[in-house]
Each structure stands twice: as structure tokens, then as C-alpha cells.
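Visitor: Could you take me on a close look at one pocket in this model, and then show me how it fits into the rest of the picture?

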Amino acid sequence: MSLVNLLDLLPSEMESLVESLGAPRYRGRQLAGWIFGKGVTDLGAMSDLPKDLRQALAERCAVDLPEVERITPSQDASRKLVLRLADGSRLQSVLMPDDDRLTLCVSTQVGCGFGCAFCLTGTMGLGRNLSPGEIVGQVLVARRLLEPGLRITHVVYMGMGEPLANYAATVKSLRILTDPHGFGFSPRRITVSTVGLVAGIEKLARENLRVNLAISLHATTDEIRDQLMPVNKAFDLEALLAACRRFPLPVRQRITFEYVLLDGVNDGPEDARRLVRLLRGMRAKINLIPFNDWEGSSFRRPALQKILAFQAILLEHGITATLRWSKGEDIGAACGQLKESVSVRRGRAAAELTAP
Ligand code: SF4
């Protein structure tokens, strides 16, 4: 009998689990507090749970954390974590300190099947989807590596994979992270980034999760976006932006549009002006990401002058546009640079890629 990974369960499901074992429901909240709150994974060490309950749990459950295979520190103080899963496949998470923030970038899939032309992860293909426990497990593992006094303040779903293509696990992991008896993160401190799966965005809008949404936009015409991001052939700019306009935003929250600047491709003044027109009337902000080179890529980072000119046009039109010099560029941990060998079966890729 395979053991249930407790990291896959919501605190309410832990309550039901202990109830099924004859214990009162509040014991489930205690169990969740040990695991998500204190990061304790040894059932035997959960001293305020009755011994017979711990025994019954140990017969049915385990806490399966990804193993840390490698930690690569960057000169900018970010750290890339290479994690190994039970089936031998690997994924990456990145810890990124920035002033009083400490952001963890998590993966939702092993590899990615979307094949964006500028993205190294996209060259891996899709290995498999992660389970909710494998997603929240990245937070637990990263938290264990922190120096005393430090804590993860923000979580971004921008690592390997497309979160909305692994919809159910992504949403469950978000519920575990934001549950007061789970990790207790404020939803405002969590951002889900999508390549633009319209059906997934609309479904997410109905979940009442109140997390931030980020869209990988990267182009202002369908012609260029088709070339950069094959997903645009299924969900074009008009459909994507219409879904964004309908997305319910809590007060003072805005949708973030990620825009990687590629020399001679999407970085001209006419692109910037089109971007202004596309986002008119929307509560939006733009993150401009100068391309992070990787070996074998045909794209180049634009000259600084061009980058600043692009930003200036957006600012002149009253659009918040921040330049994001990616963290961890020197260690291959920057946006679009995450890659590990995929060591699991690829056969499931096509089925798992269908939009939610
Ligand atoms: S940018 Fe995101 S969706 Fe596109 S290939 Fe890379 S990881 Fe996948």
C-alpha cells in the first residue's frame, strides 16, 4: 500500500484523516501546525499528538520532501536549489533576497511543454506535472535552508513549467500556502504567472483565491507572439487581454505583464506604443526583463539605451514599468534559464498539456 504524502493534504483534509482514525478533528489542525507551521516532518517528534494516533498515521502516511541535490549561490545573493523527487526527476527553485523581501520562485512541472522560443526551460519538454505536495515541499525545503531570523515573504509561481497547465495541483498548493492552518501566507504575497491559458485564467478567477496574476506577454502583435510563444496560436492577444480585463482584482491590486526585451524583435518604440494601447484602461503594471542569454539561443539582449527608451515611452503614458534585472543570471537561475535533465517518462506530455 502506498503511503499518503501529508504534504498533499489541506489542513481540513488532515482533520478528516485523523477523524477517520478515531481522533478529534482538532488533532488534524495540530498535525498541520507541526508540518506547515514548524516544518517538522517526523511524525514521532509531534509530541502533543497521542502516541496511538502517531502510530496510526505512520502506518498510512509519510511526509515526502524533495531532496536537496545542489545549492548554487549567485553573486547577487540569490540561490538556485536543485531538488530531486522520489522518482529521480529534478526541479529547481530559486531563493531571491531583495531588501526586506525574500522571494521563493517555485516550479509546478518538471520541464515545460510550451516551447517559448526565448526560454531554456522550454527546450526540455515536459517531464511531468508536480503534485501539490511537491510544490509546497519546495517552500518547506527552502525554509529549512534559511539563516535564523530570515523567512520567506513572497512566493512566485514562475519556475519550471506552466502553473495553469497543472491546474488542480497548482490551486491546491495555493490553498495550502494561504490556509491559516497551512503556511498562512497572505494571498497578496503570492503571484501565479501564466503563459496565457485563457481557460485557466477564467477558472482561476472563479476560485476566490485573491492571489496576484502575472501574464507572460512578451509581444504586442499576434504575428510576433505566434513566433515567440506557440500558445498564442490557441489563445491570441485579443482573447488573452479580454480574459485579463474580466479577472476580478482586489482593491489596489494590478495584473503584472512580463515583457522580455529581445533585441530587434519586440523592443522598438512602436512596440512600446502598441503596448500602451493594448493595456489602456487596465489596472496593470509591466515588468521589463532584459533577455538573459543562454548558450544556443538566437536572441540577444538589447543595448541599455534601447531598454531605457522602451521604458521611457511606457512611463510617459502613465504606465508603471519596472526594469527587472533578473536575479541569479550567473548561475542559470534567472527568468527563462532554468533547466535540468528530464529523467521521467515523456509519454504523458501531450495529455497533460491540454488547457484546463
Ligand atoms: S516561458 Fe514559461 S511557459 Fe514558456 S517555455 Fe518557459 S517555462 Fe514554459
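**The second largest pocket**

Guide: Gladly! The lining of the second largest pocket divides into four nonpolar, two polar and five charged residues. Do keep in mind that this is a predicted model. The charged members of the lining are Asp 8, Asp 64, Glu 67, Arg 84 and Glu 134. Leu 65, Pro 66, Leu 85 and Ala 86 form the nonpolar part, while Asn 5 and Ser 131 are the polar pair. Together these residues line a pocket with a volume of about 220 Å³.

Now turn to the ligand for a contrast. Its shell has five nonpolar and three polar residues, but no charged ones. Cys 112, Cys 116 and Cys 119 belong to this shell, along with Phe 114 and Val 195, and Gly 115, Gly 122 and Gly 161 complete the surroundings. The three glycines count as polar here.

Stepping back, both sites sit in a protein chain whose secondary structure comes to eleven helices and 14 strands. Its C-alpha atoms fill a box of roughly 70 × 45 × 40 Å along the principal axes. For 356 residues, a compact globule would have a radius of gyration near 21 Å, so the chain's 21 Å agrees with that expectation. Of those 356 residues, 57% are buried. The contacts also reach far along the sequence: among those between residues at least 6 apart, 67% join residues at least 24 apart.

Conventions:
Residues are numbered from 1 along each chain as its sequence is written. This is a predicted model: local features need pLDDT of at least 70, side-chain atom pairs count only at pLDDT 80 or more; totals for chains, interfaces and linings use all residues. Side-chain values use heavy atoms; hydrogens and water are left out. A residue is near a molecule or strand if one of its heavy atoms lies within 4 Å of it. On a 1 Å grid over the protein atoms alone, a cavity is a set of points where a 1.4 Å probe fits but cannot get out, and a pocket is an open set with protein on both sides within 12 Å along at least five of seven lines; lining residues have an atom within 4 Å of a point. Grid points are joined across faces, edges and corners, and a volume is the space filled by probe spheres set on the points. Helices (H or I, at least four residues) and strands (E, at least two) are DSSP runs, numbered from the N terminus. The radius of gyration is taken over C-alpha atoms; the globule rule is 2.2 Å times the number of residues to the power 0.38. Buried means under 20% relative accessible area, exposed over 50%, partly exposed in between (1.4 Å probe, protein chains only). Contact means heavy atoms within 4.5 Å.
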